[in-house]
Amino acid sequence: MKGRAARQAASGLVLAVAVALVGPLAGPASGHTFVKSTKPKAGSTERTAPRVVVVHFTEPVEIAFGGIEVFGPGGVRVDDGETTYVEGEEAAVQVGLTEDLPNGRFVVL
């Protein structure tokens, strides 16, 4: 019983992030740009809510044609709407998240 109670208490503190699609960020000249990694890691469970979502691509991307959108439980958008490059990296972009995120699954588009 003790293990079950601990798992239930811990489950209220987790945040799952799944990268679903980031296609609009790929530049028009490149048909071979892929997501290399994300922070938080795709499909991960986090104990504390991240302040930003970072997506690293296999080559530089153009953010003038798209951006990162993050949706939380119930389909509510939780990003700040400002996709920017990670400083010094044209192949990495980020978006800030709103404060006081609810627990649950988040989808990055």
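Here are four short exercises on a predicted model, each with a worked solution.

**Exercise 1: The sheet**

Work out the order of the strands in the open sheet, and find which strands lie at its edges.

*Solution.*

Step 1. Start with the strand order. The open sheet has four strands, arranged 2-4-7-6, and their pairing is antiparallel.

Step 2. Look for strands that pair on one side only. These are strand 2 and strand 6, the edge strands.

Step 3. Add the twist. From one strand to the next, it averages 35°.

Step 4. Check the pairing of strand 4 with strand 7. Five bridges join these two antiparallel strands. In one of the residue pairs, H56 has A92 in strand 7 as its bridge partner.

Step 5. Move on to strand 6, residues 84–86. Three bridges link strand 6 to strand 7, again in the antiparallel sense. Across these strands, T84 is partnered with Q94, and Y85 with V93.

Step 6. Finish at the turn. Strand 6 and strand 7 make a hairpin with two residues between them, and G88 in the turn has a positive phi of about 80°.

**Exercise 2: The nonpolar core**

Find how many residues the largest nonpolar core has, and which element gives the largest share.

*Solution.*

Step 1. Recall a general tendency: nonpolar side chains in soluble globular proteins are often buried together.

Step 2. Count the members. The largest nonpolar core holds 14 residues, and V53, V55, I68, V70 and V93 are those with the most contacts inside it.

Step 3. Trace where the residues come from. Strand 4 (52–57), strand 7 (89–96) and strand 8 (104–108) each give two or more residues to this core. Strand 4 supplies the largest share, with three residues.

Step 4. Zoom in on V53. Setting aside neighbours within four places in sequence, the contacts of V53 include I68, V70, V93 and V108. K39 and P40 are also among the residues that V53 touches.

**Exercise 3: The salt bridges**

Which residues are linked in a network of salt bridges, and is each one buried, partly exposed or exposed?

*Solution.*

Step 1. Keep the general idea in mind: side chains of opposite charge can pair when their charged atoms come close.

Step 2. Apply the cut-off, a nitrogen of Lys or Arg within 4 Å of a carboxyl oxygen of Asp or Glu. E69 and R77 qualify because their N to O distance is 3.6 Å. R77 and D79 qualify too, with their closest N and O atoms 2.7 Å apart.

Step 3. Put the pairs together. The count is two salt bridges, and E69, R77 and D79 are linked in a network.

Step 4. Sort the residues by accessibility, where buried means under 20% and exposed means over 50%. E69 has 29% relative accessibility, so it counts as partly exposed. R77 is also partly exposed, at 40%. D79 counts as buried because its value is 8%.

**Exercise 4: A residue in a loop**

Decide whether F34 is buried or exposed, and find which residues it contacts.

*Solution.*

Step 1. Place the residue. F34 is in the loop between strand 1 (15–19) and strand 2 (35–39).

Step 2. Compare its accessibility with the cut-off of over 50% for exposed residues. F34 has a relative accessible area of 52%, so it is exposed.

Step 3. List its contacts. Leaving out neighbours within four places in sequence, F34 touches H56, F57 and T58.

Step 4. Set sequence beside space. F34 and V61 are 27 residues apart in sequence, while their C-alpha atoms are 9.9 Å apart in space.

Definitions and conventions:
Residues are numbered from 1 along each chain as its sequence is written. This is a predicted model: local features need pLDDT of at least 70, side-chain atom pairs count only at pLDDT 80 or more; totals for chains, interfaces and linings use all residues. Side-chain values use heavy atoms; hydrogens and water are left out. A salt bridge is a side-chain nitrogen of Lys or Arg within 4 Å of a carboxyl oxygen of Asp or Glu. Buried means under 20% relative accessible area, exposed over 50%, partly exposed in between (1.4 Å probe, protein chains only). A nonpolar core is a set of buried Ala, Val, Leu, Ile, Met, Phe, Trp, Tyr and Cys residues joined through side-chain atoms within 4.5 Å. Contact means heavy atoms within 4.5 Å. Two strands pair if DSSP finds at least two bridges between them. Axes are lines fitted to C-alpha atoms, for helices over the stretch in contact, and angles run from 0 to 180 degrees between N-to-C directions.
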